[in-house]
Amino acid sequence: MSPQPAAASLATPDEFRAALSQLAAGVALLTVHDLGEDAGPAEDAGMTATSFLSVSLEPPLVLVSVREDSRMDELLTRNDLWAVSLLGERHRTLASRFAMKGRLSDRLLFADTPHHRGPATGAPLVEGALATVECRTEQRIAAGDHTLLIGRVLEARVPSPDAQPLLYFRGGYRQLG
Ligand SMILES: Cc1cc2nc3c(=O)[nH]c(=O)nc-3n(C[C@H](O)[C@H](O)[C@H](O)COP(=O)(O)O)c2cc1C
């Protein structure tokens, strides 16, 4: 007889992290052009994310998972247009800067990051990205301590088809080869 799974069994956070760190992932910069609250000033914001994935071809849908109490989650509750730039190996510093807690303001980070505005969303798109995808939120799903955002793809481009990807694997940034 096969052993019965223990109903109350849960992986610890350390076990969970260690196992999932074995998944090699592409690195993306999730961006939004925040229109501001109560006619406040518009501002760009960005967050490094590895949770980006493809969901559906027709209609074209993608998903990104955003920590519930983060600034990005708050911004994405009031702005339903956002973009993702898939980063290349030359974007390693950019990726770690946009992932830092208590980091420099997004305004300073973007001043240092060559980018242009996406035609469909107004969100910043990183120069030299392997691909850029512009989205409108189709669905928000609460999932544990994260929010899953399903986005309908408005524009998808491959501006740098020869660039090599930036990867995240076993807790560090890596390159192919
Ligand atoms: C490689 C890497 C991947 C990350 N992926 C995600 C992600 O998919 N979703 C997320 O919410 N945070 C992710 N983070 C963490 C955020 O980048 C970081 O917590 C956030 O920028 C902190 O700022 P905030 O709390 O001011 O938003 C990742 C961090 C790193 C280094």
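Strands here are DSSP runs of E with at least two residues, and helices are runs of H or I with at least four, both numbered from the N terminus. On that basis, proline 59 falls in the loop between β4 (53-56) and β5. The model is predicted.

**Backbone features in two loops**

The loop between β4 and β5 holds proline 59. The peptide bond leading into this proline from glutamate 58 is cis, with omega near 0°. A second loop runs between β11 (166-169) and β12 (172-175), and arginine 170 lies there. Arginine 170 is not a glycine, yet its phi is positive, at about 50°.

**The ligand site**

Where does the ligand sit? It occupies the largest pocket. Its shell has 18 residues. Thr48, Thr50, Ser51, Ser65 and Arg67 are the closest of them. By class, the shell residues split into eight nonpolar, six polar and four charged. Three elements each give at least two residues to the shell: β3 (43-49), β5 (61-67) and α2 (71-78).

Polar backbone atoms of the protein approach the ligand at these distances:

| Residue | Ligand atom | Protein atom | Distance |
|---|---|---|---|
| Threonine 48 | oxygen | polar backbone atom | 2.9 Å |
| Serine 65 | nitrogen | backbone N or O | 2.8 Å |
| Arginine 67 | oxygen | polar backbone atom | 2.8 Å |

Taken alone, the ligand exposes 640 Å², and the protein buries 81% of that.

**Threonine 48**

Threonine 48 belongs to strand β3. Is threonine 48 buried or exposed? Its relative accessible area is 15%, and the cut-off for buried is under 20%, so threonine 48 counts as buried. Its side chain also has a polar partner within the protein: a polar atom of that side chain lies 2.6 Å from the backbone oxygen of alanine 95. Threonine 48 thus pairs its backbone with the ligand, at 2.9 Å from a ligand oxygen, and its side chain with alanine 95.

**Threonine 147**

A second threonine, threonine 147, is found in strand β10 (residues 146-157). Why does threonine 147 count as buried? Its relative accessibility is 7%, which is under the 20% limit, and therefore it is classed as buried. Leucine 81 stands 66 residues from threonine 147 along the chain. In space, the C-alpha atoms of threonine 147 and leucine 81 are separated by 16 Å.

Technical notes. Residues numbered from 1 in each chain as written. Predicted model: local features only at pLDDT ≥ 70, side-chain atom pairs only at ≥ 80, totals over all residues. Heavy atoms only, no water. Near = heavy atom within 4 Å. Polar contact = N/O pair within 3.5 Å; in protein donor to acceptor, adjacent residues only side chain to side chain. Areas by Shrake-Rupley, 256 points an atom, 1.4 Å probe, with all protein chains shown as cover. 1 Å grid on protein atoms, 1.4 Å probe; cavity = no way out; pocket = protein on both sides within 12 Å on 5 of 7 lines; lining within 4 Å. Sits in = over half its atoms within 2 Å of the grid points. Nonpolar A, V, L, I, M, F, W, Y, C, P; charged D, E, K, R; others polar. Buried < 20%, exposed > 50% of the residue type's maximum accessible area, 1.4 Å probe, protein only.
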